[in-house]
Amino acid sequence: MNPQEARALLDENVQTDWLRKHCLATAAIMEALARRLGGDPQAWWSVGLLHDLDFDRTQDPARHGLEAAEILRSRGVPEEAVQAVLAHNAEGLGLERTTTLDYALTCAESITGLVVATALVMPDRKLASVTPEGVLKKMKKKDFARKVSREHVQLCEKIGLPLHEFAGLAVAAMQDRAGELGL
């Protein structure tokens, strides 16, 4: 699926602005991870963009990802990508993460909330003011961005990236797309 088709599919299925921005942030991080880990940047970007395709409709952890997988399969998306979309909600669906793409998507989509929350407490409320060190410092505070799974963020280590390096990659990727993200 090319980027234009992926974006059209997102626009067709995701209605809420915050969720679109989350998907765009995840896509940016996934593209950066692909470049770092030797994956296909366009394919990984698309997986990041489309991972929450059904969230507006389902919002139920026991269903989230299943409708997205059906939509993606009907569009001929490779099964490895479909499995990664399912595996980002492994706990809700009773699945296991097994591939680099599974782990990459899970840690990428998880850190977006932490980076955004860090930006929003900065005096200028901009991604440009966020540092990897700041994100990691906030990550240690359990009452900050409570819904962010620290365990999921730390899955970056399963793909060979130390937490500090992953935080730097994520912050830089999101800063590069700050205009699209509204931050």
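Where is Ala-145 found in this predicted model? Ala-145 sits in the loop that links helix H8 (132-139) and helix H9 (150-153). The legends below begin with that loop and then visit other parts of the chain.

**View 1. Ala-145 in the loop between H8 and H9.** Here is a backbone angle to look at closely: Ala-145 has a phi near 45°, a positive value in a residue other than glycine. As a reminder, most residues other than glycine have a negative phi. The relative accessible area of Ala-145 is 22%, so this residue counts as partly exposed.

**View 2. Gln-59 and Asp-56 share the loop between H3 and H4.** Gln-59 is found in this loop, and its phi is positive, at about 50°, although Gln-59 is not a glycine. Asp-56 lies in the loop between H3 and helix H4 (66-74) as well. With a relative accessible area of 21%, Asp-56 is partly exposed. To see what Asp-56 touches, turn to a stretch much earlier in the numbering: leaving aside residues up to four places away in sequence, its contacts are Asn-13, Val-14, Gln-15, Thr-16 and Leu-19. For one of these pairings, Asp-56 with Thr-16, the C-alpha atoms are 7.3 Å apart in space, while 40 residues separate the two in sequence.

**View 3. Helix H1 runs roughly parallel to helix H3.** The axes of H1 (residues 3-13) and H3 (residues 41-50) come within 10 Å of each other and cross at roughly 5°. Because angles under 35 degrees count as roughly parallel, H1 is described as roughly parallel to H3. On the H1 side, the contact involves Pro-3, Ala-6, Arg-7, Leu-9 and Leu-10. These meet Gln-42, Trp-45, Ser-46, Leu-49 and Leu-50 in H3. By class, the residues of this contact are 7 nonpolar, 2 polar and 1 charged.

**View 4. Leu-10, a buried residue of helix H1.** Now zoom in on one member of the previous contact. Leu-10 belongs to H1 and has a relative accessible area of 0%, so it is buried. Apart from residues up to four places away in sequence, Leu-10 touches Cys-23, Leu-49, Leu-50 and Leu-53. For a sense of distance across to H3, compare Leu-10 with Ser-46: they are 36 residues apart in sequence, and their C-alpha atoms lie 9.8 Å apart in space.

**View 5. The largest pocket, with a volume of about 860 Å³.** This pocket is lined by 30 residues. Those nearest its centre are Trp-18, His-22, Glu-109, Thr-112 and Gly-113. Helix H2 (17-37) and H7 are the elements that give two or more residues to the lining. The largest share comes from H7, which supplies 7 residues. Sorted by class, the lining has 13 nonpolar, 11 polar and 6 charged residues.

**View 6. The second largest pocket, with about 260 Å³ of space.** Its lining is made up of 15 residues, and Ala-43, Val-47, Val-77, Pro-78 and Ala-81 lie nearest the centre. H3 and helix H5 (79-87) each supply at least two residues of this lining. H3 gives the most, with 6 residues. The lining divides into 11 nonpolar, 2 polar and 2 charged residues.

**View 7. Ser-110 and Thr-118, two residues of helix H7.** Ser-110 is found in H7 (residues 100-120). Its relative accessibility is 9%, so Ser-110 counts as buried. Beyond residues up to four places away in sequence, Ser-110 touches Val-148, Ser-149, His-152 and Val-153. Thr-118 has its place in H7 too. At 2% relative accessibility, Thr-118 also counts as buried. Again leaving out residues up to four places away in sequence, the contacts of Thr-118 are Val-130, Gly-134, Val-135, Lys-138 and Phe-144.

Conventions:
Residues are numbered from 1 along each chain as its sequence is written. This is a predicted model: local features need pLDDT of at least 70, side-chain atom pairs count only at pLDDT 80 or more; totals for chains, interfaces and linings use all residues. Side-chain values use heavy atoms; hydrogens and water are left out. Axes are lines fitted to C-alpha atoms, for helices over the stretch in contact, and angles run from 0 to 180 degrees between N-to-C directions. Helices (H or I, at least four residues) and strands (E, at least two) are DSSP runs, numbered from the N terminus. Angles under 35 degrees count as roughly parallel, over 145 as roughly antiparallel, 65 to 115 as roughly perpendicular and the rest as oblique. Contact means heavy atoms within 4.5 Å. Ala, Val, Leu, Ile, Met, Phe, Trp, Tyr, Cys and Pro count as nonpolar, Asp, Glu, Lys and Arg as charged, and the others, Gly among them, as polar. Buried means under 20% relative accessible area, exposed over 50%, partly exposed in between (1.4 Å probe, protein chains only). On a 1 Å grid over the protein atoms alone, a cavity is a set of points where a 1.4 Å probe fits but cannot get out, and a pocket is an open set with protein on both sides within 12 Å along at least five of seven lines; lining residues have an atom within 4 Å of a point. Grid points are joined across faces, edges and corners, and a volume is the space filled by probe spheres set on the points.
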